[in-house]
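Subject: Structure handover

Hi,

Here is the structure I promised to pass on to you. Please have a look at it first, and then read my notes below.

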Protein chains: 2
Amino acid sequence: MPTLTAAQRRQQDKMAFDAYLAECPSRKLLDRISDKWVVLVITALADGPQRFSEISRHLAGVSQKMLTQTLRTLERDGLVARHVTPSVPVRVDYELTPLGRSILGPIRQLKAWAEAHMPEVAEAQETYDRRQEAR
Amino acid sequence: MPTLTAAQRRQQDKMAFDAYLAECPSRKLLDRISDKWVVLVITALADGPQRFSEISRHLAGVSQKMLTQTLRTLERDGLVARHVTPSVPVRVDYELTPLGRSILGPIRQLKAWAEAHMPEVAEAQETYDRRQEAR
DNA sequence: CCGAATCCTATGAGATACTG
DNA sequence: CAGTATCTCATAGGATTCGG
């Protein structure tokens, strides 16, 4: 018999995960989504379902190994759905699940931030490096 | 002599960085900020300046090597400022720069997402794994 | 207390070759 | 086309030791 209401349970669940704690599963999840390829794949899939080769072309320089690996992990975590059309040759499409779309906002912002603030970061680096070599 | 107006230049600069391209510096920047420790350090510093040991205690399980490394990179990229008080023993404080605070939003959301959606992800994993072992 | 330096191991990640 | 399987090399990251 439950001693908590459903609302209390939900509140509890919310507080139950703290990425600051090493053993907390949310720390591992954070580690998995804090990944260059994850960010790029998710933002690429924002436009709609895409085939393996389309994604591959979209993300210049990704090896098929990393792409496969990233897509598998995302599928297992429930962020991406995989649809196989058993034709010859096979056709495989990937698309964001509702859960996957729920992370789209933060991830897009991260990518946008990196692209928008490159000049400032580059300048900061030059300043830092100049200071270092002056020792 | 410039063939573009300042506004056009600004627009150009904005478009000039594309993380989808392998050689683009913004791809590397994205790679650096898409990091578990970066996310945790930045969110920890959101509360205000903190000493090395304070951050260390805040992020359970971080080795001092990773913390130092992360802080150095963030300092070089201009996201974090380092203040040394030459007492004995030395006191070192870290704080977010304005540039560092500008990324706080996206990063906080990422951490919050991981903590909030752990149950759904865990369930997705179980479903996935059950499907796999049924083969 | 804050960190640099070193050593060591596990994982990351590309290149290549092969299959349904 | 969409993978899987290996191989190889580089990097991540922990443990430990030492220094200002």
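Let me start with the interface between the protein chains. Please keep in mind throughout that this is a predicted model. Chain A and chain B bury about 5000 Å² between them, and carbon and sulfur atoms give 68% of that area. On the side of chain A, A:Y20, A:R76 and A:W113 contribute 17% of the area buried against chain B, more than any other three residues. In terms of contacts, 52 residues of chain A meet 52 residues of chain B.

The polar side of this interface is worth a look too. Four salt bridges cross between chain A and chain B. One of the pairs in a salt bridge is B:K36 with A:D31, whose closest N and O atoms are 3.6 Å apart. Counting residue pairs in polar contact between the two chains gives 18, with both partners at pLDDT 80 or more. As for where the contacting side of chain A comes from, at least two residues each are supplied by α2 (25-33), α3 (36-45), α5, α6 (98-102), α7 (104-116) and α8 (118-133). That side of chain A is made up of 28 nonpolar, ten polar and 14 charged residues.

How are the two copies arranged? A turn of 180 degrees with a shift of 0.0 Å along the axis lays chain A on chain B, with an RMSD of 0.0 Å. The two copies are therefore related as by a two-fold rotation axis. Both copies use the same surface, since 100% of the contact residues of chain A recur in chain B. If you want to find the axis on screen, go to A:S34, whose C-alpha, at 2.2 Å, comes closest to it among the residues of chain A.

Now to the DNA, beginning with strand D. It has 16 residues around it, and the closest are A:S53, A:Q64, A:R82, A:Y94 and B:K65. Of the atoms of strand D within 4 Å of the protein, 63% belong to sugar and phosphate. Two arginine side chains place an N or O atom by a phosphate oxygen of this strand: A:R82 at 2.6 Å and A:R72 at 3.1 Å. A base is reached as well, with a polar side-chain atom of B:Q64 lying 3.4 Å from a base oxygen of strand D. The surface near strand D draws at least two residues from each of α4 (52-58), α5 (64-76) and β3 (91-96) of chain A, and from α5 (64-76) of chain B. By class, this surface has seven nonpolar, five polar and four charged residues.

On strand C, 17 residues surround the DNA, and A:K65, A:M66, B:F52, B:R82 and B:Y94 come nearest. Sugar or phosphate makes up 67% of the strand C atoms within 4 Å of the protein, and bases make up the rest. Phosphate oxygens of strand C lie 2.8 Å from a polar side-chain atom of B:Y94, 2.9 Å from one of B:S53 and 3.2 Å from a side-chain N or O atom of B:R72. Two or more residues of this surface come from each of α5 of chain A and α4 (52-58), α5 and β3 of chain B.

One last detail concerns the backbone. Most peptide bonds are trans. The bond from A:V88 to A:P89, however, is cis, with omega near 0 degrees, and A:P89 sits in the loop between β2 (80-85) and β3 of chain A. In chain B, the bond from B:V88 to B:P89 is cis, with B:P89 in the loop between β2 (80-85) and β3 (91-96).

Best wishes

Conventions:
Residues are numbered from 1 along each chain as its sequence is written. Chains are lettered from A and ligands numbered from 1 in the order in which they are written. This is a predicted model: local features need pLDDT of at least 70, side-chain atom pairs count only at pLDDT 80 or more; totals for chains, interfaces and linings use all residues. Side-chain values use heavy atoms; hydrogens and water are left out. A residue is near a molecule or strand if one of its heavy atoms lies within 4 Å of it. A polar contact is a pair of N or O atoms within 3.5 Å; within protein, one must be able to donate a hydrogen and the other to accept it, and residues adjacent in sequence count only if both atoms are side-chain atoms. Helices (H or I, at least four residues) and strands (E, at least two) are DSSP runs, numbered from the N terminus. Ala, Val, Leu, Ile, Met, Phe, Trp, Tyr, Cys and Pro count as nonpolar, Asp, Glu, Lys and Arg as charged, and the others, Gly among them, as polar. Copies are superposed by least squares on the C-alpha atoms of residues with pLDDT of at least 70 in both. Contact means heavy atoms within 4.5 Å. Buried area is the accessible area (1.4 Å probe) that two parts lose on being put together, summed over both. A salt bridge is a side-chain nitrogen of Lys or Arg within 4 Å of a carboxyl oxygen of Asp or Glu.
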